[in-house]
Each structure stands twice: as structure tokens, then as C-alpha cells.
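Thanks for coming. I will take one chain this morning and go through it piece by piece, starting with the sheet.

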Amino acid sequence: MRVGKVRHNNIVLVQIYDFAKTEEQNQILKLVFARQVEALGKKGDLLVLHTTSGKSPNLIKAAEAAKARGVATLALSAKGGGPLASVVDHCIVIPTDRTDRAQEIQMAIQHAICDAVDLGAVGKG
């Protein structure tokens, strides 16, 4: 394991909210990630989306916002990929209907991608 300086400017989009109490709040929450992508995304970036169903309106809107800004998109999904699979540039669909297994495998894939990026950015280490 290598410990060192972070070599990439990574931004994690987060959704923090209390339970929505009105339909208006529900509609606003469907745009939380899209608004962050619109504010922070730029051509050459990569938006990685994790989902177990591919049905989240929030993630679909974020992928659409990314495409509009020239941001590449990759989804890690399960349960057939859902509607999100047809919106993103690349979709890795875990062949399971089990949420827990999908999440475990997605995390392993995400770590492998990060390792590959790190090796490419700083050389083999």
C-alpha cells in the first residue's frame, strides 16, 4: 500500500437531506446531483455513478447534466442497469438482484479503477 500526496482533484458529490415533507421538496431533491455537476463539472472530468437499480431520477438527471457539459459518465449498476444504463457513456452492470452483493462488487471495481488511475498518473509503485 502506498501512502502519499493526492495526485488528483477529486470531488465527491453528496446528498444530505432530511426526509422530504412536500412534493416540492421531493422535486428539488431529484436535482441535487445535477446542480452539483452543473456547478463543478467541466470537459475532461469523469462522473462515476453508483446505483443498484439504475432508476434514480437524481442520478439520471446528473448524467444528463454531465453530458451537457462534456463530462464523461460511468455508471456501476445492477438489476439489469435500469434507465441510467442508456444515458451514460459506459455502464458496468453487476449481474445480481441482491443489493448488498452489488454494492460490494461495485466498491471493488471502484477501488480497482482508482488504483489503475493512480498507477497511470504516478508510475508503477
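**The sheet and what surrounds it**

The sheet in this predicted model is open and has three strands, in the order E1-E2-E3, with parallel pairing. Strand E1, residues 46–50, and strand E3, residues 90–94, stand at the edges. Each of the two has a single partner strand, so one side of each is left without a neighbour in the sheet. On average, and ignoring direction, neighbouring strands here are turned by 15° against each other.

Now the pairings in turn. E1 pairs with strand E2, residues 72–78, in the parallel sense, over five bridges. Two of the partners in E2 are worth pointing at: Thr73 is the bridge partner of Leu47, and Ala75 is the bridge partner of Leu49. On to the next pair: E2 and E3 are also joined in the parallel sense, over five bridges. Ala75 turns up again here, standing opposite Cys91 in E3.

How many of the seven residues of E2 are buried? Six of them are, so the strand is largely enclosed by the rest of the structure.

E1 shows two faces. As a general point, side chains in a regular strand alternate between the two faces of the sheet. Along E1, Leu47 and Leu49 point to one face and are buried. Leu46, Val48 and His50 point to the other face and are not buried.

Next, the connection between the first two strands. E1, helix H3 and E2 make a right-handed β-α-β unit. H3 covers residues 57–68 and lies across E1 and E2, running at about 170° to E1.

Stepping back to the whole chain, there are four helices and three strands. From the N terminus on, the order of elements is α-α-β-α-β-β-α. Of the 125 residues, 28% count as buried. Among contacts with a separation of 6 or more, 60% are between residues 24 or more positions apart.

**Three places to look at**

Take Gln110 to begin with. Gln110 sits in helix H4, residues 99–122. Is Gln110 buried or exposed? The relative accessible area of Gln110 is 16%, and because buried means under 20%, this residue counts as buried. What is Gln110 in contact with, leaving aside neighbours within four places in sequence? The contacts are Val48, His50 and Leu76. Val48 and His50 are on the face of E1 whose side chains are not buried.

Then Lys79, in the loop between E2 and E3. At 36% relative accessibility, Lys79 counts as partly exposed. Not counting residues up to four places away in sequence, Lys79 touches Thr52, Ser53, Ile94, Thr96, Asp97 and Thr99. Thr51 and Lys79 are 28 residues apart in sequence, and their C-alpha atoms are 9.6 Å apart in space.

Last, the cysteines. Cys91, which we met opposite Ala75, is partly exposed at 26% relative accessibility. Cys114 is partly exposed too, with a relative accessible area of 37%. With a disulfide taken as a pair of cysteine sulfur atoms within 2.5 Å, the count comes to zero.

**Confidence**

A word on how far to trust the coordinates. The mean pLDDT of the chain is 83, and 74% of the residues reach 70 or more. Which elements have the lowest and the highest mean pLDDT? Helix H1, residues 23–29, is lowest at 64, and E3 is highest at 97.

At the start of the chain, pLDDT stays under 50 over residues 1–6. For that stretch the model has two contacts beyond four places in sequence. Where pLDDT is low, the predicted coordinates should not be read in detail.

To close, the picture to keep is an open parallel sheet in the order E1-E2-E3, with E2 largely enclosed and H3 lying across E1 and E2. That is what I have; I will take questions now.

How values were computed
Residues numbered from 1 in each chain as written. Predicted model: local features only at pLDDT ≥ 70, side-chain atom pairs only at ≥ 80, totals over all residues. Heavy atoms only, no water. Buried < 20%, exposed > 50% of the residue type's maximum accessible area, 1.4 Å probe, protein only. Contact = heavy atoms within 4.5 Å. Pairing = 2+ DSSP bridges. Axes fitted to C-alpha atoms, helices over the stretch in contact; angles between N-to-C directions. pLDDT = per-residue confidence, 0-100. Right-handed = clockwise from strand over helix to strand, strands pointing away.
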